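Q: Could you walk me through reading a model like this, one feature at a time?

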Amino acid sequence: MNEKVESITFDIPLELSQELDILSVEIGKDKQRMLTEALNMYLAYQELSLQQKPMEDESNKPLTADEFFDDLDI
């Protein structure tokens, strides 16, 4: 499998990093794979959440962009 990859650097809390180290050893997966799987699950969840949100309010008027993003708390 020749999947293209991109390196991304970001900071996480030390406690979370330590938990990741411990769990990585316990389940025998490297941290990169665990983080990739976790990010994939999170993105799928967010996409599903967006699909389930109604695009119109109760009056059946289309939402403005501001109303839409306010509803998403963005």
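Q: Which elements of secondary structure does the chain contain, helices or strands, and how many of each are there?
A: The model is predicted, and in it the chain has three helices and zero strands, so that, following the definition used here for DSSP runs, the order along the sequence reads α-α-α. Helix 1 spans 14-27 and helix 2 covers residues 31-52.

Q: How much of the chain counts as buried?
A: A residue is called buried when its relative accessible area is under 20%, exposed when it is over 50%, and partly exposed in between. By that reading, 5% of the 74 residues of the chain count as buried. The chain exposes about 7200 Å², and carbon and sulfur atoms supply 55% of that area.

Q: Is Met 34 buried or exposed, and why?
A: Met 34, which sits in helix 2, counts as buried because its relative accessibility is 11%, and the cut-off for that class is under 20%. It can also be placed against Leu 20: the two are 14 residues apart along the chain, and their C-alpha atoms are separated by 8.4 Å.

Q: How far is Leu 35 from Leu 20 in sequence and in space?
A: Leu 35, also a residue of helix 2, is 15 residues from Leu 20 in sequence and 8.8 Å from it in space, taken C-alpha to C-alpha. Leu 35 counts as partly exposed because its relative accessible area is 38%.

Q: Which residues make the nonpolar surface patch?
A: A residue can join such a patch only with over 30% relative accessible area and no salt bridge, and here Ile 8, Phe 10, Ile 12, Leu 16 and Leu 35 make a nonpolar patch of about 480 Å². Leu 35 passes that threshold because its value is 38%. Ile 8, placed in the segment before helix 1, has a relative accessibility of 63% and therefore counts as exposed.

Q: How many salt bridges are there?
A: The rule asks for a side-chain nitrogen of Lys or Arg within 4 Å of a carboxyl oxygen of Asp or Glu, and by this rule the count comes to three. One of them joins Asp 21 and Lys 31, whose closest N and O atoms are 2.7 Å apart. This pair links distant parts of the chain, with Asp 21 in helix 1 and Lys 31 in helix 2, 10 residues apart. Asp 21 is partly exposed because its relative accessible area is 31%, and Lys 31 counts as partly exposed because its relative accessibility is 35%.

Q: Which residues are linked in a network of salt bridges?
A: Lys 29, Arg 33 and Glu 37 are linked in such a network. In one bridge Lys 29 pairs with Glu 37, the closest N and O atoms being 2.8 Å apart, while in another the side chains of Glu 37 and Arg 33 meet at 3.2 Å, N to O. Glu 37 and Arg 33 both lie in helix 2, four residues apart, which is about one turn of the helix.

Q: Why do Lys 29, Glu 37 and Arg 33 count as partly exposed?
A: Lys 29 falls in that class because its relative accessibility is 26%, Glu 37 because its relative accessible area is 28%, and Arg 33 because its relative accessibility is 47%.

Q: How much space lies in the largest pocket, and which residues are nearest its centre?
A: Rolling a probe the size of a water molecule over the atoms shows where empty space is left. In this model the largest pocket holds about 690 Å³ of space and is lined by 15 residues, of which Glu 6, Gln 32, Leu 35, Thr 36 and Leu 39 lie nearest its centre. The lining divides into seven nonpolar, four polar and four charged residues. Leu 35 thus appears both in this lining and in the nonpolar surface patch.

Methods. Residues are numbered from 1 along each chain as its sequence is written. This is a predicted model: local features need pLDDT of at least 70, side-chain atom pairs count only at pLDDT 80 or more; totals for chains, interfaces and linings use all residues. Side-chain values use heavy atoms; hydrogens and water are left out. On a 1 Å grid over the protein atoms alone, a cavity is a set of points where a 1.4 Å probe fits but cannot get out, and a pocket is an open set with protein on both sides within 12 Å along at least five of seven lines; lining residues have an atom within 4 Å of a point. Grid points are joined across faces, edges and corners, and a volume is the space filled by probe spheres set on the points. Ala, Val, Leu, Ile, Met, Phe, Trp, Tyr, Cys and Pro count as nonpolar, Asp, Glu, Lys and Arg as charged, and the others, Gly among them, as polar. Patches are made of residues with over 30% relative accessible area and no salt bridge: like charges are joined within 9 Å, nonpolar side chains (Val, Leu, Ile, Met, Phe, Trp, Tyr) within 5 Å. Accessible areas come from the Shrake-Rupley method with a 1.4 Å probe; for residues, only the protein chains shown count as cover. Helices (H or I, at least four residues) and strands (E, at least two) are DSSP runs, numbered from the N terminus. Buried means under 20% relative accessible area, exposed over 50%, partly exposed in between (1.4 Å probe, protein chains only).
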